[in-house]
Amino acid sequence: MAGKTDYHVDLAQALVLKAPAAADYLVVAPLVIGFLFGAICLMSRKNTDRQPYIAIAGLVLMLAADLGLFWHVWQNGTVVMTMGRWLPPFGITFAADMLGATFALTAGIVGLAGGVYALRDVGRTGRRYGFYPFLLLMMAGVTAAFLTGDIFNLYVWFEVLLISSFGLLILGSEREQLDGATKYAFLNLIATTLFLLAVAYLYGTFGTLNMADISRKAAKMRETGPLFTIAVLFLFAFGMKAAAFPVNFWLPASYHTPRIVVSALFAGLLTKVGVYALLRVFLMLFPVERDMLAGTIAIIAGATMVLGAMGALAQNDIRRMLGYLVISGIGMMLAGLALGSETGLTGAVFYAVHSMVVMTALYFLAGIVGRRMNGFSLATAGGLYSQAPWLAGIALVLLLSVSGLPPFSGLWAKVYLVKASLDVGAWWLAFSILLTGLLTTIAVGRTFAFSFWRERQADDGEGSEAPAGTSGFVTASLVALTALTVAAGLYPEPLIQVSDRIASELLAPAGYVDTVFPPQGPQQTEVQSQQ
Amino acid sequence: METAITILTGLFFATSIYLMLSRHIIRILLGVAILGNAVNLTIFTNGRITREAPPIIPDHAAVPEGVIANPLPQALVLTAIVISFSFFAFLLVLVFRSYQEIGTDDTDEMREAEPRDEPAPPLGY
């Protein structure tokens with residue numbers, strides 16, 4: 001074929017000719033590291049002593065890449081890279097804006113904390129069954145979902161993180177786990193299949209899958225295309241992934257069954273991917289449809305947060321209570337999406353970052369509490385304050401933080417959300433947020449009172465006063481995450497600035513679109529219209 | 001052609017939803033498998049079904065000549081088939097294992113993780 005090239009091809013029409021700056025490679029670095037170290041861990045699966053160190057090295061590098069990317073995006077704005085150098089929309093685009101970079105960075109922190117916690121929590125059997133490869137692949141999937149700029153590619157990353165999460169969920173194959181995993185797997189698979197269905201219609205309508213491309217074409221297609229239907233499908237599919245009421249029942253059925261570190265990572269990462277996808281799709285692709293659906297989303301948000309908190313009140317098992325608190329937090333973020341104002345979105349993003357860190361830390365805490373109490377039941381809990389006062393201190397910080405009380409990070413997000421609700425006169429949404437805060441305070445206050453303040457229960461079968469001491473790794477990861485929520489609570493200014501910038505970027509997607517499709521001269525526009 | 005395939009897709013969706021409404025986990029599994037195929041057919045139909053030449057560029061040209069079939073839906077469907085088949089295989093094993101352990105394939109009876117007689121939280125000290 002090479003001999004017959006008697007035609008001239010202008011590569012500038014099809015390829016990015018300028019080599020990307022070295023720093024731009026940070027967009028793909030986290031997932032490359034994740035897959036690379038995941039593969040190495042898989043190869044050394046039987047070497048259960050060495051494997052954790054490889055994994056921790058991978059997670060540290062991933063966090064470093066996330067940090068670098070965050071700094072790069074903060075300084076220089078949205079960073080774009082297109083696979084195979086094909087000009088978008090033909091190559092798959094990776095685009096990191098502040099939203100993606102911030103979520104990726106938080107995921108990196110949570111992932112590293114989980115990896116360190118697992119050094120003690122996941123023993124030889126768990127390692128042999130592939131805990132660390134699954135963890136790294138899930139981290140790669142989550143991070144890539146935050147960074148991709150192509151909606152079909154987003155679907156693929158959803159599936160990558162889903163299949164890795166299945167592996168983590170059934171690690172151990174106990175009866176409870178198999179039951180929980182069955183429900184989790186079916187409902188999540190149906191959700192991603194519906195997401196794919198929405199993508200199919202999106203492709204049929206726009207003929208492109210690049211999110212920036214769809215964003216700039218949406219205005220023209222609004223008259224003729226079934227955009228509202230597609231938007232509702234996306235709301236349903238991502239709502240199910242995010243565990244929004246009334247499609248949230250897979251979460252309390254499964255999140256308390258696996259090892260505590262797996263629950264912690266799921267609570268910190270997976271539902272937030274659904275929230276991220278909702279923010280991305282509704283604010284960038286379908287802003288007009290979001291306005292039309294705002295009332296519905298607000299009702300969903302209110303119901304999710306209040307019913308989540310009420311579910312938490314009804315639980316005897318600490319882990320199940322935390323599962324309902326995860327759902328309740330999703331309602332808070334959806335409230336920001338429903339409001340759609342800059343203040344509301346700032347609150348939602350702040351809450352998402354806060355929730356990723358705090359929910360993970362709470363599950364870590366539950367793990368330590370459960371180990372010391374020989375179980376997670378509130379009925380038999382007690383005596384932890386006299387046993388470990390430092391743990392009581394950390395628990396108090398985290399429990400106050402999750403219920404949004406000062407001076408911890410949950411407060412500021414709620415201040416923004418309540419203000420945004422009152423700005424548009426949605427007093428009932430503000431009331432739901434405050435009511436949720438009250439119910440959450442009761443639920444977590446009871447947990448604290450029963451497991452820490454109360455005397456050790458006599459009917460505690462073991463009765464031995466010497467439970468296994470808490471290992472240094474476990475403590476370190478818990479303390480690190482707690483320190484983050486304290487820092488963000490006492491000095492919220494940096495995180496507010498970041499959230500504020502994310503909100504303004506989300507409300508003006510033209511900036512993102514212009515980075516993917518730089519404004520062109522007349523010659524290039526002509527080429528585009530010929531296609 | 002599109003009309004016929006659209007009706008077929010509708011039948012697939014109807015079948016899969018009917019099966020997924022069952023309480024028996026194996027029927028739900030079959031429903032999910034058919035749902036995946038229904039979505040694949042939807043992608044395929046959304047890419048416009050045309051009886052045109054395969055998308056091959058002749059040796060002497062830089063761009064295809066005339067109308068060609070759309071290759072992209074096939075790439076998308078291929079990806080989706082691979083993913084949904086691997087999930088089907090995983091779910092099949094998962095369902096079999098949980099049937100072995102729990103001894104029922106009725107989802108109403110699968111209450112290991114959420115037992116019916118779970119105690120209420122303590123109401124006071």
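A helix, as the word is used here, is a DSSP run of H or I that is at least four residues in length, and helices are numbered from the N terminus. With that in mind, the predicted model of chain A can be described as a chain with 22 helices and two strands.

The overall form of chain A comes first. A compact globule of 531 residues would have a radius of gyration near 24 Å, and because chain A has 23 Å, its value agrees with that expectation. Along the principal axes, the C-alpha atoms occupy a box of roughly 90 × 60 × 40 Å. Of the 531 residues, 59% count as buried, and among contacts between residues at least 6 apart in sequence, 81% join residues at least 24 apart.

One helix, α14(A), deserves a closer look, and the table gives its lengths.

| Span of α14(A) | Value |
|---|---|
| First C-alpha to last | 45 Å |
| Expected at 1.5 Å a residue | 46 Å |

This helix covers residues 342-373, and its span is close to the expected one, although α14(A) bends by about 25 degrees at S355(A). The helix is mostly covered, since 28 of its 32 residues are buried. Just after α14(A) comes N374(A), which takes a positive phi of about 60 degrees.

The interior can be followed through its nonpolar residues. The largest nonpolar core holds 224 residues, and those with the most contacts inside it include V199(A), V326(A), L334(A) and L398(A). Leaving aside residues up to four places away in sequence, V326(A) touches A243(A), L251(A), Y255(A), A267(A), T271(A) and M359(A).

Conventions: Residues are numbered from 1 along each chain as its sequence is written. Chains are lettered from A and ligands numbered from 1 in the order in which they are written. This is a predicted model: local features need pLDDT of at least 70, side-chain atom pairs count only at pLDDT 80 or more; totals for chains, interfaces and linings use all residues. The radius of gyration is taken over C-alpha atoms; the globule rule is 2.2 Å times the number of residues to the power 0.38. A residue is buried if 20 or more other C-beta atoms lie within 10 Å of its own, exposed if 12 or fewer, and partly exposed in between; C-beta atoms are placed from the backbone. Two residues are in contact if their C-beta atoms, placed from the backbone, lie within 7 Å. The expected span of a helix is 1.5 Å times one less than its number of residues. The bend at a residue is the angle between axes fitted to the seven residues ending there and the seven starting there. A nonpolar core is a set of buried Ala, Val, Leu, Ile, Met, Phe, Trp, Tyr and Cys residues joined through C-beta atoms within 7 Å.
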